Amino acid sequence: MSLIVSNLSLGVPGGGGGGITSIDVANTAFVDGANGNDGTAVVGRQDLPYATIGAALTAASSGQAVMVHPGTYAESGLSIAAGVRLVSSAGWNVTKITGAAATGTRVTLAGDGSSIEGFRITVPTDAAYGIQNTTGAGETGSVFFCTFDGQVGSVGYGLGQTGAGKTISFELRFAGGEAAGLTLCSSGILATQSNHIPSGSTLAAAWDVTGGRFQGLDLNVGSPTVVDALRQSGGVVRIFTVNWFNVGTAIHFTGNTVDCSVQNGEIDNVDLAVLVDAGLTLSGGVIRISANHQPLYNFPPAALGADFAVTTFQRDATTLDAGFDLFGVPLNTGFPELGVESRLGQGPPYTTGLVALSTDSTAGSTSDGGNFTDISAAASSRAGSSFAFQGSAANHTLLFCSQRFDSTGAKLKHWGLRVKQITGAVGGSFVFEIWDGAAWVKAPVLATSAEQDYRYADEVFLRSSSEEDIRFGIDQDTTWASKTINGVTGYWSRVRIVSAPSTPPVFEQSKLHPSSSITSTRGVVTAIGLAQTRGAIAAGGNIFGESGTVVSASQTVGTGGAGETWTHDSPNSLLNSAGDAIYFQFTLPEDINTAHPVTVALSCTFNAGGAVTAWPVGIMSLLCVETSGVRVADRAGGILPVRRTAANTDTLTANAGQPVTRDLQPEGASLGGAAIDNQQHRIEFGPFDVSSRYAGDTVYCRFELDADGTPGQDVFATAVALEGVRFASGQPI
């Protein structure tokens, strides 16, 4: 009895559990190697199957399928016509095409819409293919859920794209053995996803590209007997997400005109990440590699000028330190329509771990205040919430600290705040403070706009709709003690109202600043925290005014013959009696951070022989005065600084100078010890507070010899340097 089945749709597994293919039985030729008969088979009759795949493919026409039952089919030269599908009924584990001989291509995709799914195919030993796509331009063939077996000495490939058309493939595997490679793309387009090459596979190149365009996603290889994961001599390669490990070379270039991009994933435990053959220049080539890998490269010097760019996430290794590296091209951020801020060092300002509190007006020099209110959520939020002082009276405070830790487990300090402000204050004054272990002490600040980098000295909270960086004038030597407030332990900073504003400020967000170098959205380079530098910001010598009995100095310098020794004469530089004084002046430079105090360093020699039994004493006085024409914060609340007018400029006698008195003991010298004359010495005076002043303001300095010591010392002032902290490379234009 015969069972005739027609017009029935079957759901059959594709590729060994990899997918479901719908089959129209009436348009399907069935193949059963054990029970079929090519002479009596009929398309659409499961009970009359073909014995060979070749005969079924010959009988099938466009729009029809060939369904192959489990078995081993020793066939070669199979050609799948346009619109014909070759599908296994039970997947590649039990459905094999081994070839009629060791050589020769097994299956060819010969027309548009041809496809094969769910077979295990033996790769020929000659330069042929398990599956070859020869479709023409604009035509597509498909390969799904196929596995390839190598043979001893094979120089063939599992899948070859050799026509001008396109191959779409998914879930390809190499089961083991030898072959030239899993795939070859020589022309057209080969697009493949989810390829797997396990240990035990011996391949010259897992994926070989000599021409055309190769597109890969989720490519996996992990066999030490694979020479190259990717080998390219020409064409275009676009690969996304790799997992390549335990191979000889990850990417091997054997030709000059290559266009290669490998992005995402990991390349690990390889001899070389990139190999460029000797003699190549890569002229005309473009190479972009961003998959995570070690910087293990081998390429000839002639290729150094190529358009070659790679990024690595370096791991610790025997000779390499962990890090992120970019090779071959400039690092650019931003574009003309939109600037981008970039940071180096400890990264951007942060809110993760931020604790923020507001208090009532009971805060004082030793009091933290009361009525603590946790405003951390509002202070951390970018939008949709705001925070403010609890009131506008003096001694209301806002407190900030970090609950993050360094590598030793210690709580982090912060070096300033980034504050996004909604409403600017009108009137009033504010002071920033830190806890030194016994009291709240002033931390001078410098406010700058976050985007434009305008400088506002210590005039904070004046500007509505602004985002500003507030730099603290502290460093790693500043005494800053950890403290527990409202149950939270950390390094707290606070801002306290000194005099009540008529309109209090309202804030959108506050972030804590780590140490970093910053390139603003306009490209201006600044620094914050320990990324800033300290050094001389102005210096002078032999340009002094004088009073008292100051006379010209004469000092022998050098040793040897003519031109090596001379008498160095310096007018108005020798202080030889108590009360003698010299005078000099500077302007604050454009790159100074006025939050940090300045020091004055006196370079001098002493002109009295013998041991000193009482040190001479000096007084260094400094007065930084307002100067009209300097750009200062707009007290009307404008973002853009304005020039200080004569009407708003203090007189020279409106403020007292800052005197610092100290003995002139050189470093390491002791009373009664060796003579200190005929040596150059550096004596530092300070600190001097300039936090309310601006770059361009004038600094007046006076050095007086208050006592000349025993025996009486003549002090030869050779040079004076004003030293401070630089945070910028200049003033914004």
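# Salt bridges and pockets in a predicted model

Q: Why does R315 count as partly exposed?
A: R315 has a relative accessibility of 43%, and because partly exposed covers values between buried (under 20% relative accessible area) and exposed (over 50%), with a 1.4 Å probe and protein chains only, R315 falls in the middle class. The model is predicted, so local features need pLDDT of at least 70 and side-chain atom pairs pLDDT 80 or more, while totals for chains, interfaces and linings use all residues. Residues are numbered from 1 along each chain as its sequence is written, and side-chain values use heavy atoms, with hydrogens and water left out.

Q: What makes the contact of E266 with R315 a salt bridge?
A: The closest N and O atoms of E266 and R315 are 2.8 Å apart, which meets the requirement of a side-chain nitrogen of Lys or Arg within 4 Å of a carboxyl oxygen of Asp or Glu. E266 lies in strand β23 (a strand being a DSSP run of E of at least two residues, numbered from the N terminus) and R315 in the loop between β27 (307-314) and β28 (323-327), so this pair ties together parts that are 49 residues apart in sequence. E266 is also partly exposed, at 22% relative accessibility.

Q: Which residues are joined into one network by salt bridges that share partners?
A: E341, R343, R418 and D469 form that network, in a structure that holds 25 salt bridges.

Q: Why do R173 and E171 count as partly exposed and buried, respectively?
A: E171 is buried because its relative accessibility is 12%, whereas R173 is partly exposed because its value is 32%. The two residues form a salt bridge, with the closest N and O atoms 2.9 Å apart.

Q: How do you know that D259 and R238 tie together separate parts of the sequence?
A: D259 and R238 meet in a salt bridge at 3.0 Å, N to O. D259 lies in strand β23 (residues 259-268) and R238 in strand β21 (residues 236-245), so the pair links parts 21 residues apart in sequence.

Q: What makes the space of about 780 Å³ a pocket?
A: A pocket is an open set of points, on a 1 Å grid over the protein atoms alone, where a 1.4 Å probe fits and protein lies on both sides within 12 Å along at least five of seven lines; lining residues have an atom within 4 Å of a point. The largest pocket has about 780 Å³ of space. Its lining comprises 35 residues, of which D458, E459, E626, R635 and S692 are the closest to its centre, and β35 gives the most to this lining, with four residues.

Definitions and conventions
Points joined across faces, edges and corners; volume = space filled by probe spheres on them.
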